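Visitor: I would like to go through this model with you and ask how each label is earned. Could we take it step by step?

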Amino acid sequence: MAKITIEDLKKIKERVHAETALRDGHLRVKVTVHMGTCGIASGAKEVMDSLLREIEEAGVSDIAVTTSGCMGLCSREPLVTVEILNQDPIKYEYMNSNKMRQVFKRHILEGEIQNPFVLARGAETQK
Amino acid sequence: MLELALHILDIAENSTRAGARHVDIRLNEDPDHDLLTLEITDDGAGMDKDTLAKALDPFYTTKKVRRVGLGLPMLAQAAEITGGELILTSEPGQGTQLKVTFGLRHIDRQPLGDAAGAMVTLIAGNPDIDFTYCHEHGDQIYILSTEEIKKEIEDVPINHIEVLKYIRSHIAEGMKEIGSEA
């Protein structure tokens with residue numbers, strides 16, 4: 001593999017500029033991976049890795065990924081919240097990298113909620 | 001938690017919750033003295049004396065949603081079983097400094113694990129915070145600064161998937177170059 005240089009960043013910048021000129025830069029989906037101590041200890045980082053890999057492979061750019069802290073349901077971690085624009089957020093429980101891949105392909109890309117993994121529908125009350 | 005990278009991810013999350021703008025993560029492998037040092041420094045809200053004294057108590061937490069706070073105690077334990085220690089210093093308004101030492105070649109020392117993945121997760125989740133990752137091995141040094149990357153990519157968000165991919169391979173390559181054995 002060629003050495004990674006600052007030039008690569010410039011290339012990324014140009015590519016992203018060309019891409020965003022084509023669509024108007026709106027995000028369609030927000031995915032939150034819960035990253036409290038409990039989440040991390042039960043595998044949230046692997047879930048995150050899997051999600052980023054899927055986004056990369058699918059070559060989509062309208063998905064925002066973020067993290068959040070613990071919301072008190074430590075025993076059901078890793079938790080992932082999927083919010084599709086104009087739809088109720090869906091919280092998935094006991095996630096792992098395979099389930100994340102399935103949720104990404106079926107729910108995030110195709111809009112079909114993966115009921116067996118769902119913990120709840122709707123927003124949590126903020127801490 | 002069985003990897004130091006996961007501890008880093010977890011502890012740095014505390015800094016982000018304390019409102020830090022800069023989080024500095026430093027690892028130093030010193031093979032000559034059989035020592036591994038991890039330092040995390042932030043410019044967040046800091047803690048007063050009372051809070052600082054309770055921070056390593058597993059049954060103390062500032063959160064309302066649960067009654068335990070295991071992040072720091074677990075890191076302290078991971079250090080102590082290798083003959084190292086965890087030192088936490090902080091003052092209100094002055095940020096927090098964490099220094100953890102490990103026996104580098106101690107059989108119970110947790111492996112560093114996927115440091116690149118931990119940094120990518122931190123950056124993806126906190127695009128507004130500037131992170132520095134600095135890894136020394138003997139006289140070799142690797143540094144990643146999101147501030148510098150942001151200067152190069154201008155209006156492209158740092159949590160764009162292409163940039164995150166770049167960061168991941170940048171760190172992986174850098175660690176190989178300095179011959180990290182952690």
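Visitor: How much of chain A counts as buried, and what makes a residue buried?

Guide: This is a predicted model, and in it 32% of the 127 residues of chain A count as buried. The label asks for 20 or more other C-beta atoms within 10 Å of a residue's own.

Visitor: What else describes chain A as a whole?

Guide: Its C-alpha trace spans about 45 × 35 × 30 Å along the principal axes. Chain A has 4 helices and 5 strands, and from the N terminus on they run α-β-α-α-β-β-β-α-β. Among contacts in chain A with a separation of 6 or more, 71% are between residues 24 or more positions apart.

Visitor: Why is α3(A) called oblique to α4(A)?

Guide: In general, two packed helices are described by the angle between their axes and the distance between the axes. Here the axes of α3 (residues 44–58) and α4 (residues 97–109) of chain A come within 8 Å and cross at roughly 40 degrees. Angles under 35 degrees would count as roughly parallel, and 65 to 115 as roughly perpendicular. The crossing falls in neither range, so α3(A) is oblique to α4(A).

Visitor: Which hand does that crossing have, and which residues make the contact?

Guide: α3(A) passes α4(A) in a right-handed crossing. On the α3(A) side the contact is made by A:E46, A:V47, A:D49, A:S50, A:L51, A:E54 and A:A58, and on the α4(A) side by A:S97, A:M100, A:R101, A:F104 and A:L109. By class, that contact has 6 nonpolar, 2 polar and 4 charged residues.

Visitor: Let's cross over to chain B. How many of its residues are in contact with chain A, and which element gives the most?

Guide: 34 residues of chain B are in contact with 29 residues of chain A. On the chain B side, α1 (4–17), α4 (115–125), α5 (146–153) and α6 (161–177) each supply at least two residues. α6(B) gives the most, with 9 residues. The residues of this side divide into 15 nonpolar, 8 polar and 11 charged.

Visitor: How do you know that B:I171, in helix α6 of chain B, is buried or exposed?

Guide: Count its neighbours: B:I171 has 22 C-beta neighbours inside 10 Å. The cut-off is 20 or more, so B:I171 counts as buried. Leaving out residues up to four places away in sequence, B:I171 touches B:A115, B:A116, B:M119, B:Y133 and B:L144. B:I153 is 18 residues from B:I171 along the chain, and their C-alpha atoms are separated by 18 Å.

Visitor: What makes β3 and β6 the edge strands in chain B?

Guide: The open sheet has 6 strands in the order β3-β4-β2-β1-β5-β6 of chain B, with mixed pairing. β3 (86–90) and β6 (140–145) of chain B each pair on one side only, and they are the edge strands. From one strand to the next, the twist averages 10 degrees.

Visitor: How do you know that β3(B) and β4(B) pair?

Guide: Pairing needs at least two bridges. β3(B) is joined to β4 (residues 96–103) of chain B by 5 bridges, so the two strands pair. They run antiparallel, and the bridge partner of B:L88 in β4(B) is B:L98.

Visitor: Which helix lies across these two strands?

Guide: Helix α3 (residues 71–80) of chain B lies across β3 and β4 of chain B, running at about 35 degrees to β4(B).

Conventions
Residues are numbered from 1 along each chain as its sequence is written. Chains are lettered from A and ligands numbered from 1 in the order in which they are written. This is a predicted model: local features need pLDDT of at least 70, side-chain atom pairs count only at pLDDT 80 or more; totals for chains, interfaces and linings use all residues. Axes are lines fitted to C-alpha atoms, for helices over the stretch in contact, and angles run from 0 to 180 degrees between N-to-C directions. Angles under 35 degrees count as roughly parallel, over 145 as roughly antiparallel, 65 to 115 as roughly perpendicular and the rest as oblique. A crossing is left-handed if the near helix is turned anticlockwise from the far one by less than a right angle, and right-handed if clockwise. Two residues are in contact if their C-beta atoms, placed from the backbone, lie within 7 Å. Ala, Val, Leu, Ile, Met, Phe, Trp, Tyr, Cys and Pro count as nonpolar, Asp, Glu, Lys and Arg as charged, and the others, Gly among them, as polar. A residue is buried if 20 or more other C-beta atoms lie within 10 Å of its own, exposed if 12 or fewer, and partly exposed in between; C-beta atoms are placed from the backbone.
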